[in-house]
Protein chains: 2
Amino acid sequence: MRSLVLIGHGSHLNPESAAAVYAYADLLRSHGLFDEVVEGYWKEEPSLRQVLRTVRYTDVTVIPMFISEGYFTETVIPRELGLGHQGPVPPSGVARVIGGRTVRYTLPYGVHPRMSEVIVARAHEAYPDLNAEDTALIVLGHGTTRNENSNKIVYQNAERMRQSGKFAEVHAFFLDEEPKITGWQQHVKAKNIVLVPFFASEGWHTLETIPEDIGLTGEVTVFERLGTEGQTQTMYYSKPVGTHPAIAEVIVQLAEEAHGASDRGGDLERGHQDAWNAVWQRLSAGPLRIGEVLLRSMSGMVEIRHALDEGKANEGLKTVVTPEGVRDQVRLDEGGEYRPVHTLRNLARGWRAVLSEQDFPRALHFLYPAVVEESYAQHHHALRCTPWAATARRQTGIYAKVQKATPQQVETVASEICGGCLKTRLWADEPLHQTFFDGVPGGIPCAEACTLLVAEVREEVSGKRGQKSGPSH
Amino acid sequence: MRSLVLIGHGSHLNPESAAAVYAYADLLRSHGLFDEVVEGYWKEEPSLRQVLRTVRYTDVTVIPMFISEGYFTETVIPRELGLGHQGPVPPSGVARVIGGRTVRYTLPYGVHPRMSEVIVARAHEAYPDLNAEDTALIVLGHGTTRNENSNKIVYQNAERMRQSGKFAEVHAFFLDEEPKITGWQQHVKAKNIVLVPFFASEGWHTLETIPEDIGLTGEVTVFERLGTEGQTQTMYYSKPVGTHPAIAEVIVQLAEEAHGASDRGGDLERGHQDAWNAVWQRLSAGPLRIGEVLLRSMSGMVEIRHALDEGKANEGLKTVVTPEGVRDQVRLDEGGEYRPVHTLRNLARGWRAVLSEQDFPRALHFLYPAVVEESYAQHHHALRCTPWAATARRQTGIYAKVQKATPQQVETVASEICGGCLKTRLWADEPLHQTFFDGVPGGIPCAEACTLLVAEVREEVSGKRGQKSGPSH
Ligand code: SF4
Ligand code: SF4
C-alpha cells in the first residue's frame, strides 16, 4: 500500500491559494494510483511538521507542488519534514526512514520534461499561427538571487524548445535577474514573439509586474522595432504554464515515476492505525465530541455536525456527503473570514456531513488536521513537543527575525492568537492530562508553535502588528 | 415581593467601568431590602431593552446610577426602557405598567439631599483644618450644553453648603460652561480653597482636564493671589464624590424611599416564572446545554462548566461558588480581551461553578443575560423583534449618525460582529425554529441589534472602523 503527500505553500490570508493543490490531490485520488493522497502546507494545516504523522501507510512519496527548484524545495520543505537534507535534490529524489515510514521526496513538477509540452500548448493558445520562420519564443522565469538553482529549469526548458525546431528563436529571460525581460528587444529579432511566463499561477507578477515592466497593453502588443521607423514587432502574451490543464498529466506522470521507485510498497503504520481504531471504538460506543463538533455513527455512516447544532432538524442544516464538502464548510467562519488554523474556536455552524466509514477519516482530517494522531500520542504520553526556542532557531529567510523576539513578546502574541484556539500549548508547558479520548472535547494538544503564530511574532518583532486588523499573510 | 433594577452606563471597551454598579448591587442584595436586585446597562448586558424582561417580580423600582440628571437619565434610559417619558423626572419619579410589571423610575442618586454630607466628607479628607473663617468651598460640575438640568444639582448642593455655614464662601463652577472653573480667582477671596469634583468616578476629567485647566500641581497647590505681590491662596483638591463609601448609604436611602412608594409590592411575573420552570424541568431530566456551557444538577446543587471542559477532572478547573464568581470568569476571553457581549463565542474555559438552586438563576443571568427569558418567548413564538430601522430611528446624540448607514453597510458590519456571536438575528429575518429548549444548544434568539453593533455601525458610517483592532468603546 502506498501513500502520496502533495506539499503546497498555502497562505494565512488567502483562502484560495491552496485551491490548485486541492484540485491535483482530488485528481490523483480519483486516479487510484496511490492508496491515499494527503496534502501538507507550509502556511496552512496540516503543517509540514504534522503531515507525515497523518499518513496511513509506511511507504510515502512526497511531491512538492512547486514549479521550480529553489528555496522552498531545497531548504524549507526538507527541513520542516525532518528529512535531514538541505540543498539541491538529485533527479532520483531523497529517501529517508522517518518515524517508521519510508519517505521518498521528489523534485518539483516544473523540472519534468513534459513541461515543454505545456509551454508549447500555452504558446499556441496565445498565437495560433506561430511558425518556425517568423516566431520567437520567450520563456520567462521569476529569477531569484537566493537560489540560482531555480533559474536552471527555465534554461532547460528553453533549450528543449530550441531542439524542438518549432520556433525561429528561443530566449530565456527573468523578472528579477539578468538577462532581464525589459531588454528583450536588444536580443529578439523575429517579427512575432510569444511570451510564456514559467509561473505556477496567475498572480501579482503575471497580472501586474510583467505587463508593466515591458509595456504590454493586452494579450497582443505591437512595438516599434528598435532603431527603425515604422517597422514593428508583435508580442503575444500567454497565461502562466502552472494553470494549464496539462499540468495534471505532468503530475500524474511524476507520481507514476515516483510510484515505480517504491518496489514493494508499505503497510499500515501502527501508531496511525491505533489512533483511528480508538476513534472507531469510541464512536461505536455512542456520540463522540472532538473540539467544537459532535460525531455520531448511524447505520454504517458517520455524521459530523457542530456541537451547537446538536438536535437541530436536518432541514435546517446544509448536508454535505464528501470530505471535500467538509473542507469547504470549515474554510471560512460565520463572518466570512478565512480560518488559517482549523482549531480556532470559530468553526461555522449550519451544516452536517454524512459520510461513509471509508470517507470519514479524511473528512475529520480536513476538519481538524492531525488532531486524532497527536491527541492519541498525548493520550499515551508519547507526543514529543518542540519548545519555542527550537522552532525559532529553525526559521530562515524572512522568519529568522523571530529569533530576536523576547519571551514576553512571544507570550503577548500567543495569548491573543492561541487564546482563540482549542489547543493547549504543551510547548509552553501548559498541562493537558485529559484529551478528547478521555471524554474532554476541548482536550487537544499543540505540540509546536504553528506557522500562523510564528508569522504574527515576526510582525510583532518588526513592530507591524496591529496596523492591520487581520492576521498577517 | 419587590425587584430593584440599578442602571449603569457600562462600556464596550473597559471591563472595569461597571465595577461601581456591581458593588452597589452586591451591597443592596446583602441589605435584603428588595427580594431581587438586577443590573442593566446602556453599553453592556443586559441592555436597557432586555433588563425588565429578566426581572422576577411584577413590582419594579429602577434607580439610574448616575450622579446628575441629564441626557442619560432624562432621554436615553426612559426611551430604551420603554417608559414613554422624555425630559425632567419629577421628585416622585415616573411610574408605568410595562409588560405586566409596575415600574417606578427614580431620580439619580446625585440629587439626594444626603449628597451634601458626602461633599463635606470629601472636603475634610482633602483639608482636615477647613473652617468657616478662612476656607472657601468650590463644588465643581461637568456642565453640558446638551441638558441644562444636569447643572441644577451642582447649584442645589452648593446652596445647601452655604446654608450649612461650614465655609466662609461657597461657589459652583463648571468645566464646560459658565461660570468656568478657570476663572475661579476672580470670584474666590478666601485664603484656603477646597475643590470638590461633583463627578461619579475618577477618570479622564478628574485626573487630566481639571488639574490641567487650573494648573494644579498635586493635592495641594499654592497660587499667587491676583493683583498682589507675594500674597497667596492655597487650593486643596479632593477625590470625586461618586467614589466615596458614603454614596452607598445615599443609594440605600434612595432605595428605601422608592421602596416605600410601592404600597403592597408585586408577585412572580408569569412569563419569567414559566421560563425558569422550563429550565428547572429540563435540568431535572439530565444535563442541559445552553450556548457554550453545560449545566448539570447534582444533589440539590447546579454545576455550570464550559462544554469543552466536559469530563475534565475538577482539580483541573477553578471552582467558583457564587454568581459574582461566575460574573468574573466570563468577563474576559482566554486571550485576556474584554467580552462586551456575553453571547460571543469566546467564553473562557478552565472553570466550573457549583451553585445553590437559589443562586443558580442569577449566575446564569450573569453568564447569558436575558437568554432564558428571550429563548423561552421565542420557543412560544412570542418574542417581539425590533428591525434595524426602528433601532436606528431611536438613536440620538452621537449615535444618530447610524440612521445614514446603508443596508449594505449594516450587513457588512453585522456579518463581522454577529459572525462571532451565538445568537441568531431575528431582526434581520434569520430563521430560528429551535432554541436550546428544543435541545439545540446554539439556538439563541437576538431580538434587536445590540449597542455594540450600533456603535460599530456608527464607526463604519464615520469611516473610522478598522483603524483600531478592537471594537470602539
Ligand atoms: S500555536 Fe497557538 S494558535 Fe497555533 S495551533 Fe498552537 S495553540 Fe493554536
Ligand atoms: S446584534 Fe449581533 S452581536 Fe449583538 S447580540 Fe445580536 S447577534 Fe450578537
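Here a trainee and a mentor talk through a predicted model, asking what lies behind some of the words used for it.

Trainee: Let's start with Arg122(B). Why is Arg122(B) called buried?

Mentor: The cut-off for buried is under 20% relative accessible area. Arg122(B) has 4% relative accessibility, so Arg122(B) counts as buried.

Trainee: And where does Arg122(B) lie, and what is it in contact with?

Mentor: Arg122(B) is part of helix H3 of chain B, residues 115–126. Contact requires heavy atoms within 4.5 Å. Setting aside neighbours within four places in sequence, the contacts of Arg122(B) include Val196(B), Ser238(B), Lys239(B) and His244(B).

Trainee: Val196(B) belongs to strand S8 of chain B. What makes S8(B) mostly covered?

Mentor: Of the 6 residues in S8(B), 6 are buried. Asn192(B), Val194(B) and Val196(B) point one way, while Ile193(B), Leu195(B) and Pro197(B) point the other way. In general, side chains in a regular strand alternate between the two faces of the sheet.

Trainee: How do you know that S8(B) pairs with strand S6 and with strand S10 of chain B?

Mentor: Pairing takes at least two bridges. S6(B) and S8(B) are joined by 6 bridges and run parallel, and S8(B) is joined to S10(B) by 4 bridges, again parallel. Both counts satisfy the cut-off, therefore both are pairs. To find them in the structure, look for Thr135(B) with its partner Asn192(B), and for Val194(B) with Tyr236(B).

Trainee: Now chain A. What makes S7 and S9 of chain A the edges of their sheet?

Mentor: The open sheet has 5 strands in the order S7-S6-S8-S10-S9 (chain A). S7(A) and S9(A) each have a single partner strand, so one side of each has no neighbour in the sheet. From one strand to the next, the twist averages 25 degrees.

Trainee: Why is the pairing in that sheet called mixed? One antiparallel pair would help me.

Mentor: Strands may pair either parallel or antiparallel. An antiparallel pair in chain A is S9(A) with S10(A), over 5 bridges, where Val222(A) stands opposite Thr234(A). The sheet as a whole is described as having mixed pairing.

Trainee: Last one: how do you know that a two-fold axis relates the chains?

Mentor: A turn of 180 degrees with a shift of 0.0 Å along the axis lays chain B on chain A, with an RMSD of 0.1 Å. That is the relation of a two-fold axis. The same surface serves both copies, as 100% of the contact residues of chain B recur in chain A.

Methods. Residues numbered from 1 in each chain as written. Chains lettered and ligands numbered in written order. Predicted model: local features only at pLDDT ≥ 70, side-chain atom pairs only at ≥ 80, totals over all residues. Heavy atoms only, no water. Helix = DSSP H or I, 4+ residues; strand = E, 2+ residues; numbered from the N terminus. Axes fitted to C-alpha atoms, helices over the stretch in contact; angles between N-to-C directions. Least-squares fit on C-alpha atoms with pLDDT ≥ 70 in both. Buried < 20%, exposed > 50% of the residue type's maximum accessible area, 1.4 Å probe, protein only.
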